[in-house]
Amino acid sequence: MKRIYVMLTAALLTMGCLQANAQNDAQQTAAAANEGIKFEHGTFAEALAKAKQEKKMLFIDCYTSWCGPCKMLASKVFPQKKVGDYFNKEFVSLKVDMEKGEGVDLKNKFGVKAFPTLLFIDANGKEINRIVGADSDIDRFLKNVKDGLGSNSLSAMTERYNGGERDTSFLIAYLNVLDRAYDKNKSEEVAEVLLKGHESDMLTNAGLYKAFLKYNKSPLTPAFQYMLGNKAAFEAKYDKEELNRTATRVWKSYPYAFIKKNEGGNSTFDAEGMKAYKAEMKKWNIKEAEEIALNIDIAWAEAQGNWKQYADLCTKHIKKYGEDDMMIYNWAGRINKNCKDEAVRKKAAGWIKKRQANIAKEKANEEPLPPGVMRAMPMMNYDKAYVKLLGELEGHE
């Protein structure tokens with residue numbers, strides 16, 4: 001009996017400790033929340049009016065309920081005392097779900113296209129800066145916020161750019177700000193201005209070369225043409241694989257611009273532009289030229305809604321260049337979503353069945369791994385995805 005009493009006492013003490021620890025954790029969490037950013041609970045207009053009254057800027061955390069990085073900021077960054085000390089002094093802060101209430105209008109008003117987007121607005125409602133994305137490093141996060149204000153703000157640097165400032169160091173700094181703001185179109189424009197007339201300097205200026213790799217999206221720019229004409233020198237100076245990987249991506253992605261969707265929903269195809277592009281690929285002996293042209297034919301067939309031709313071209317691609325799970329799944333998925341023609345759907349189902357059989361063969365021929373070693377898992381389980389998609393194509397689901 002004594003032993004049972006001792007055990008019960010120990011259990012009760014343990015439970016008491018656990019409850020005390022849980023209570024301490026909850027208190028610490030609450031304390032941390034009080035030390036972090038103090039967010040307003042009113043409307044945008046009310047928060048802006050308060051910012052004007054207090055002679056502060058308005059900070060808006062533009063988030064959605066499904067955004068993982070948004071949740072990380074909310075739980076790991078915004079509650080920190082160091083963050084709260086700075087933000088509560090400099091800003092009136094507001095959290096807005098971009099898919100609810102006035103968030104929908106604010107999303108359109110400020111052109112929010114990705115999440116999280118952090119907006120910094122002056123008391124008159126003018127956007128001064130924006131940061132797109134999340135960073136769990138508190139010091140780096142605060143540095144990016146502080147660097148994006150004053151003379152280094154997006155609005156200030158845009159004003160300087162529009163005013164004609166074209167110094168190399170300024171343009172590189174402006175690109176960094178645009179990158180944090182996730183303004184891809186403006187980044188490409190500024191990068192082209194930065195590189196124009198300085199193509200040869202890419203071989204000696206790493207900042208110029210980095211801008212070229214990141215922002216140049218056309219094989220027809222002077223910078224890209226200079227690189228092609230001096231490729232051996234670039235490969236000797238920089239990472240050869242990175243250069244060739246980037247160049248191939250540009251060659252493959254650019255010609256999709258020849259297909260344009262009009263406001264009425266119809267699409268047009270710049271056949272002459274594509275013809276010239278094929279000649280350009282031939283000029284530089286691009287080994288992927290035929291596959292690139294075939295991919296554009298597939299995209300054009302899709303744009304026209306010509307699903308029979310689309311399926312025939314996809315079949316041609318599979319036969320000529322082999323099976324690729326991401327392509328097969330996407331191609332078949334588009335047919336499943338948009339095409340009712342049973343013959344076309346049957347052809348898409350055939351791609352999947354053949355691929356399923358080959359996956360089974362590949363697994364059967366896999367060499368056994370040593371004890372304790374596990375194979376890497378792909379980002380998507382195509383085995384499972386194929387079963388579901390095949391059922392839909394054949395009307396089983």
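A residue counts as buried when its relative accessible area is under 20%. C314 comes in at 0%, so this cysteine is buried with plenty of room to spare under that cut-off. The structure here is a predicted model, and burial is a handy way into it: of the 397 residues of the protein, 38% count as buried. The protein exposes about 23600 Å², with carbon and sulfur atoms supplying 53% of that area.

As for the overall build, the secondary structure comes to 19 helices and seven strands. Contacts reach well along the chain: taking those between residues at least 6 apart in sequence, 63% join residues at least 24 apart.

On to the nonpolar interior. The largest nonpolar core has 44 residues, and Y174, F212, F224, M227, F234 and W251 are the ones with the most contacts inside it. Helices α7 (154–162), α8 (168–180), α9 (184–195), α10 (206–215), α11 (222–229), α13 (240–253), α14 (271–283) and α15 (289–304) each give two or more residues to this core. F212 makes a good example of the packing: leaving aside residues up to four places away in sequence, F212 touches L195, M202, A223, F224, M227 and L243. Another core, of 25 residues, lies apart from this one, and C314 turns up again there, with I328, V344 and L389 also among its members.

Then there is the sheet. Five strands make up an open sheet with mixed pairing, in the order β1-β3-β2-β4-β5. The edges belong to β1 (39–40) and β5 (127–132); each has a single partner strand, so one side of each is left without a neighbour in the sheet. Further in, β2 (residues 57–63) and β3 (residues 91–97) run parallel and pair over seven bridges. One of the residues involved is D61, whose bridge partner in β3 is K95.

The last stop is the cysteines. A search of the whole structure turns up one disulfide, which links C67 and C70 with the sulfur atoms 2.3 Å apart. The torsion about its S-S bond is about 85 degrees, so the disulfide is right-handed. Both partners are tucked away: C67 is buried at 2% relative accessible area, and C70 is buried too, at 5%. C62, by contrast, is in no disulfide; the nearest cysteine sulfur is that of C70, 9.1 Å away. The sulfur cut-off for a disulfide is 2.5 Å, so C62 and C70 do not qualify as a pair. Even without a disulfide, C62 is buried, with a relative accessible area of 1%.

Conventions
Residues numbered from 1 in each chain as written. Predicted model: local features only at pLDDT ≥ 70, side-chain atom pairs only at ≥ 80, totals over all residues. Heavy atoms only, no water. Core = buried A, V, L, I, M, F, W, Y, C linked by side-chain atoms within 4.5 Å. Buried < 20%, exposed > 50% of the residue type's maximum accessible area, 1.4 Å probe, protein only. Helix = DSSP H or I, 4+ residues; strand = E, 2+ residues; numbered from the N terminus. Contact = heavy atoms within 4.5 Å. Areas by Shrake-Rupley, 256 points an atom, 1.4 Å probe, with all protein chains shown as cover. Pairing = 2+ DSSP bridges.
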